[in-house]
Amino acid sequence: MQPLIERAVRGDVVAFEQLVEPHLTPLYRLAAAMVGPEEARDVTQETLVSAWRELHKVRRADRLEAWLRSILMNRARNVLRSRRRHPVVAYEPMAGHGIGHFEEPMVGLHGQWAVEDALAELRPEERAVVVLHYLADLTLRQVAETLGLREGTVKSRLHAGLRALRHHFAEEPA
Amino acid sequence: MNREQLRRELPEPVRRYFEEVARMEPPVDLLSAAITKVESEPRVNRFSLLPAMVAVAATAVIAAVIAFNVFGLKVGPFVGDDASPTPQGSPTMQTMPPLEGLPSAGTIEQRYSIPADAGFPALEAHGSVWLSNGETGVVTRIDAETGQITAQIDVNPNPETDRYDQNLVADESYVWATGADRTLVQIDPATNAVLERFDISVLIYRMVVSGDDIWISDLNDTNSVIRFSTTAGEVTLRRPMTNWPGGLAVAENGDVWVTPYQADDLLRLDPETGDQLESNTVRSFGMQILLFGDALYISGNQGRPLERFSIPDGRVTARFSQETRPELFNGRLYGLEGEALIVLDAATLQVVAALDMGPNLGGLLAGSDSLWIVQGTEILKVRPA
């Protein structure tokens with residue numbers, strides 16, 4: 001992979017595309033869990049543009065995925081902070097699945113509004129920890145590295161986030 | 001702690017939400033849109049000796065990408081009757097080019113009137129084109145030479161339960177139709193009579209004939225792949241699947257290929273036991289698989305692209321950004337996009353020819369010596385270029 005990074009750093013857009021393409025889907029899913037499907041596209045796209053600008057900072061090819069993830073989480077947290085400063089009713093139902101020639105079963109995200117409401121109640125920092133740990137399956141140490149935090153801080157934010165979610169769904173008293 | 005144990009710590013609605021997010025796919029044009037933005041970015045060059053060379057190289061690369069994707073320049077050899085060669089390197093995403101300037105995909109030879117509710121062209125077999133309408137349950141048979149309607153067959157009058165849709169396949173002796181009430185219907189092409197309705201207790205989605213067997217995917221009921229013996233008149237294998245089996249193809253060696261709905265998988269099954277032999281990652285959520293030589297063409301769903309999967313290479317080798325459901329004619333792939341008939345290069349999935357057909361296209365079928373396209377209340381016989 002290293003030659004691809006070097007080519008991309010030198011301005012080879014095709015090399016850059018090959019470099020980031022394998023990471024596109026996990027990045028998009030992280031973005032969707034952080035800011036919701038509506039804004040996931042923008043956050044992912046901004047992440048890739050930032051990565052293009054800053055690619056020279058990547059020293060090791062095996063760190064690329066973690067590095068992209070860090071950029072995306074920063075972007076996503078900025079979106080969430082901005083949303084908390086300027087609250088809007090942002091969540092719309094996802095469009096029905098286009099089916100084409102035949103009729104297909106309709107499958108939507110289960111109870112997404114309720115979950116989105118619950119996630120929106122978390123502080124962006126808590127949401128980031130919950131998403132990285134439970135959606136991306138990162139260890140607490142990896143979460144800490146991604147967010148630039150100490151592991152103990154990650155633990156406490158995870159605990160707080162989990163408690164808030166359980167409270168929202170009436171599994172635990174406040 | 002594994003993923004499942006980990007997620008048990010979450011409230012149930014959040015756990016389910018995350019599971020579904022973990023299956024989401026990015027919009028097909030996301031990467032290309034990001035790359036377009038990247039291309040417009042001023043590059044901070046850290047290699048002082050190279051700026052001019054880099055600029056020239058990058059411009060050349062960008063120009064090549066634009067030329068291939070926008071102007072539809074041809075890459076690779078033209079594809080003839082044989083299976084298409086597999087391109088090297090990572091798959092590229094072909095996009096729909098402007099139709100102007102493309103060679104013609106064919107000429108309209110004949111227009112035949114059909115009933116407004118005749119449905120889509122499902123099959124050419126036994127000297128006829130067979131149109132199918134799943135809502136009415138009627139199959140309309142048209143003579144392939146004269147365009148005359150020779151029969152309208154009510155596949156299953158007075159159904160008690162619905163069918164998923166009404167597909168047709170044929171072997172040397174019979175036409176087989178999706179019946180209502182979880183049946184498979186045998187039609188005699190000599191008399192147009194329904195000979196038998198086999199209760200197979202599955203909601204048929206796709207059917208593929210392979211020798212004396214019909215392979216069936218049941219997407220929405222028992223979630224299984226079924227093998228029906230046309231000689232024994234009974235189901236000889238039922239294989240439950242973990243996902244919803246949708247697209248189906250049988251390779252020349254008998255292997256059964258399945259693409260589950262809303263999953264990133266392309267599965268290879270043992271035709272004797274139904275055991276899963278192989279799993280590959282695809283993007284398309286494929287609802288239909290077309291086999292050509294040693295390649296599988298998996299039609300996209302929910303905005304996902306058409307993909308070409310090379311069986312010997314075990315990987316996706318080309319993508320086309322549309323959900324196109326291709327038909328194979330004389331070594332070329334034909335599809336309908338918008339109001340156009342398009343031709344895709346079988347190796348690269350690049351659009352290499354097109355024919356503006358106008359509105360109200362209702363389905364495409366590749367026949368033995370022509371293409372059939374339903375348009376409004378007509379079926380058009382198109383001679384491919």
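Biologist: Two strands count as paired once DSSP finds at least two bridges between them. In this predicted model, how many bridges join strand S13 of chain B to strand S14 of chain B?

Modeller: Strand S13(B) covers residues 224–229 and strand S14(B) covers residues 234–240, and the two run antiparallel. One of the bridges sets B:Phe228 opposite B:Val235 in S14(B). The number of bridges that join S13(B) to S14(B) is 6.

Biologist: Which residue in the turn between S13(B) and S14(B) has a positive phi?

Modeller: S13(B) and S14(B) form a hairpin, with 4 residues between the strands. The positive phi in the turn is about 70 degrees, and the residue that has it is B:Gly233.

Biologist: Which are the edge strands of the sheet S23-S24-S25-S26 in chain B?

Modeller: This sheet is open, has 4 strands and shows antiparallel pairing. The twist from one strand to the next averages 30 degrees. An edge strand pairs on one side only, and that picks out S23 (327–329) and S26 (351–356) of chain B.

Biologist: What is the bridge partner of B:Phe329 in S24(B)?

Modeller: Strand S24 of chain B spans residues 332–337 and runs antiparallel to S23(B), to which 3 bridges join it. In S24(B), the partner of B:Phe329 is B:Arg332.

Biologist: Where in chain B is confidence highest, and where is it lowest?

Modeller: Chain B has a mean pLDDT of 85, with 85% of its residues at 70 or more. Over residues 44–56 of chain B the pLDDT is below 50, and this stretch has 11 contacts beyond near neighbours in sequence. Where pLDDT is low, the predicted coordinates should not be read in detail. Confidence is highest in strand S25 (residues 340–344) of chain B, at 97, and lowest, at a mean of 49, in helix H4 (residues 51–70) of chain B.

Biologist: How many contacts beyond four places in sequence does the model have for residues 67–82 of chain B?

Modeller: Throughout residues 67–82 of chain B, pLDDT stays under 50. The predictor gives the complex an ipTM of 0.82 and a pTM of 0.58. For residues 67–82 of chain B the contact count beyond four places in sequence is 31.

Biologist: How many helices does the secondary structure of chain A have?

Modeller: Chain A has 174 residues, of which 38% count as buried. Among its contacts between residues at least 6 apart in sequence, 62% join residues at least 24 apart. Strands number 0 in chain A, and helices number 9.

Biologist: Is H7(A) roughly parallel or roughly perpendicular to H9(A)?

Modeller: Helix H7 (residues 124–135) and helix H9 (residues 151–168) of chain A have axes 8 Å apart and pack at an angle of about 95 degrees. Angles of 65 to 115 degrees count as roughly perpendicular. Therefore H7(A) is, relative to H9(A), roughly perpendicular.

Biologist: How many charged residues are in the contact of H7(A) with H9(A)?

Modeller: On the H7(A) side, the residues include A:Glu125, A:Glu126 and A:Arg127, and on the H9(A) side they include A:Arg157. The contact of H7(A) with H9(A) also has 6 nonpolar and 2 polar residues. The charged residues number 4.

Biologist: What residues of H9(A) make the contact with H8(A)?

Modeller: The axes of helix H8 (residues 140–147) of chain A and H9(A) come within 8 Å and cross at roughly 105 degrees. H8(A) and H9(A) are therefore roughly perpendicular to each other. H8(A) contributes A:Leu140, A:Arg141, A:Val143 and A:Ala144. The residues from H9(A) are A:Glu151, A:Val154 and A:Lys155.

Key: Residues numbered from 1 in each chain as written. Chains lettered and ligands numbered in written order. Predicted model: local features only at pLDDT ≥ 70, side-chain atom pairs only at ≥ 80, totals over all residues. Axes fitted to C-alpha atoms, helices over the stretch in contact; angles between N-to-C directions. Parallel < 35°, antiparallel > 145°, perpendicular 65-115°, else oblique. Contact = placed C-beta atoms within 7 Å. Nonpolar A, V, L, I, M, F, W, Y, C, P; charged D, E, K, R; others polar. pLDDT = per-residue confidence, 0-100. Buried ≥ 20, exposed ≤ 12 C-beta atoms within 10 Å, placed from the backbone.
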